[in-house]
Amino acid sequence: MGEATLTSAPAAPPQEDSTTPSGLPWWANPRVGLLVVIVALVILFSALRPSFLNVDLTLVPMQADLSVFAIVGLAQLAVLSLGHMNLAVPRMAAVSAFAAGLTYDRLHAPLVVGLAVALVVGALIGALAGTIITTTGVNSFVVTLALDFGLLGLVSLLYAWATDGVAFAVHPAGMDALRFDTMNNYCAGPVCGPPVPLVVPIALVTVVAVGVLFRRSRVGREMLMTGSSLRAARLSGIPVTRRIIQAHALSGLLCGLAGFLLAINNGAFSATIGDQFLLPSFLAPVLGGTLLAGGAVSVLGTVLGATLTSVIQKGLNLLQFQLDQLQILIGVVLLLALSLDRVRHVLAERRGVRR
Amino acid sequence: MTSTTETAAVATQPRRSRLLGTEVILIAISVIAFVVLTVTTGGNLLQPGTIRAILQYLAVPLVIGLSQMVVLAVGQMNLSVGVLTGLSSVVAAGLMVDSGLSPWIAVPAALLVGAGVGLANGVLVVLTRINGFIVTLATMTIIAGLRYGVNGTGTYEGYSPGLVKLGRASVLGLPVVFLIALVVAIAVALYFRNTFSGRRLLASGGNPVAARLSGISNDRSLVVAHTISGLLAGIAGVLVLMLSGSVNASIGDDLLLPSFAAPIIGGVVLAGGVVSVLGTCLAAFVVRLVDVAQAQYNINPRWVDLVVGGVVLGAVLLSHGREGKDDS
């Protein structure tokens, strides 16, 4: 991936460890560690099962999965920047996907309109969560937990009302193209694109946009400052209430996108969209070195974290590991990554770098 | 009966009164909801069979709520309570069915599994210094794998008829499983009220710095809290075993969210330092009444989650509304 390391930490230089002489050794950077592990695993899996490098069977579906889970990770990352959590990621995605499906089903809208509806609905629910949090002062964990409960019931009620109870039967024009086609299907004369599914560029643009938001834009930097120290941010004249609502709205918007992309990948707007999102939403950012405390995020790390989980899942699948062994391994990987993080902290403290 | 409101010595007076207020409100809600349900269903609720069913299926949510409450007391969370309940019950069933062991061995084994995993959670939290939320998220996936690994998609049934019979038995009209849950609740309440260890947990949760300055090991508090939480999840696993008569790898999946709902509605704060056994029990009862209402009125079961979400949010907003903003 071409873009620079999108680690952002306003006012706190230690995050730029790998580049500064007084910082940590390069190997203590969680993103480098992730990359090494990913490469090692790809080599291992390819050696054990050459079909791991099969374009149609493995690489294309893996990229499609990865696109969804990178976005899911970013949805969580958006509020982790504040030191908040969004436990309603699964259901925000589900409601957004429902809204898109309904648009196609009842209005016969083109694909793009449904996407826009999904994004808007997601952002609105996120903004609602943010508004409740800021006006009541209740912990984001509790608010989004309750919201998830509520939306869980709402989603099944909505599907029961609008469909046969499970999924929309509608297939908007272009959905199958987005699902099955890769860039390889589009040729300019003799030159065809790489075997990259069409959902990947959508995800890539989103990743870069979120990266730029947190690294370069004023809004993003102010979100991080709010996460770093609410008091200090407020005293510096940052409109913290608005930034909190915006971060939650961004999270909702990304949930909406993830729900839409998963529906495309699955080929149906169904009630089960998002069910599997909660764990990956935390897995990707945390593996990538984003802490729960807020104030610092790593967009590139989140993408790498999502990549690692996708590679592990696909590889173990090919090696015919069972679901249970897969889960155990992913849990162990998460714990190992966390221990690495601990090593990083100890090293930082030894070198006198105070966070 | 389990009326204990425990606040850490360091906590301020307003906190205590807020908690009492929550409990009073919850008692009022429970009574009103119960009366309304009774009247509108033509007294159906007062049939011995109905009451027994209500209390029977209150047992597991109650214990699992307490399991979450204990870690909330030290300002931690335990995402693994649900799957751990499942693992304990599947392990115990496996020991009885596959290994032919008696329940006298299998039940303690289930408790041991719970406490052991809880201990591991606590040690990991202390060693890695990572947020308990993330550590237990990781262990949750591992435990889910182990739970599935015991017997795959298979179902254990026909284990220890005595245990299942006990699960359906009643003493003085009260189901045995409910009485067990009640005893557990009283034990937890006494633990936080009367023991040094319990007071230390609350002190660590309320103000870790002050706790350390008074000679309390916060690390030990974390490990103890996680171990007790795991033990309670193990007890919940045994209750599931007694209640259902057959267990499989999906046990516990639907327990995680209720485990948070009960203590949060009951007025336990996430920041730690405050517990309310009575509040948690009452909240579990209120959530149970939502289920009962659904069954009595033949409402679409999908409404239950919606209502529970509303109740959680409403309860939290209500208690915060009286207290005013205190954090971000």
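This briefing covers a helix, the nonpolar cores and the salt bridges of the structure above. The model is predicted, with local features needing pLDDT of at least 70 and side-chain atom pairs counting only at pLDDT 80 or more, while totals for chains, interfaces and linings use all residues. Residues are numbered from 1 along each chain as its sequence is written, chains are lettered from A in the order in which they are written, and side-chain values use heavy atoms, without hydrogens and water.

**Helix α11 of chain B**
- The end C-alpha atoms of α11(B), residues 218-244, are 39 Å apart, which agrees with the 39 Å expected for 27 residues at 1.5 Å a residue (1.5 Å times one less than the number of residues; helices are DSSP runs of H or I, at least four residues).
- Because 21 of its 27 residues are buried (under 20% relative accessible area, 1.4 Å probe, protein chains only), α11(B) is largely enclosed by the rest of the structure.

**Nonpolar cores**
- The largest nonpolar core (buried Ala, Val, Leu, Ile, Met, Phe, Trp, Tyr and Cys residues joined through side-chain atoms within 4.5 Å) has 139 residues, and those with the most contacts inside it include A:Phe141 and B:Phe133.
- The largest share of this core, 14 residues, comes from α11(B).

**Salt bridges**
- Eight salt bridges are found over all chains (a side-chain nitrogen of Lys or Arg within 4 Å of a carboxyl oxygen of Asp or Glu).
- B:Arg147 and B:Asp253 meet in a salt bridge at 3.0 Å, N to O, and this pair links distant parts of the chain, 106 residues apart.
- B:Arg147 is buried at 6% relative accessible area.

Note on methods
Helix = DSSP H or I, 4+ residues; strand = E, 2+ residues; numbered from the N terminus. Buried < 20%, exposed > 50% of the residue type's maximum accessible area, 1.4 Å probe, protein only.
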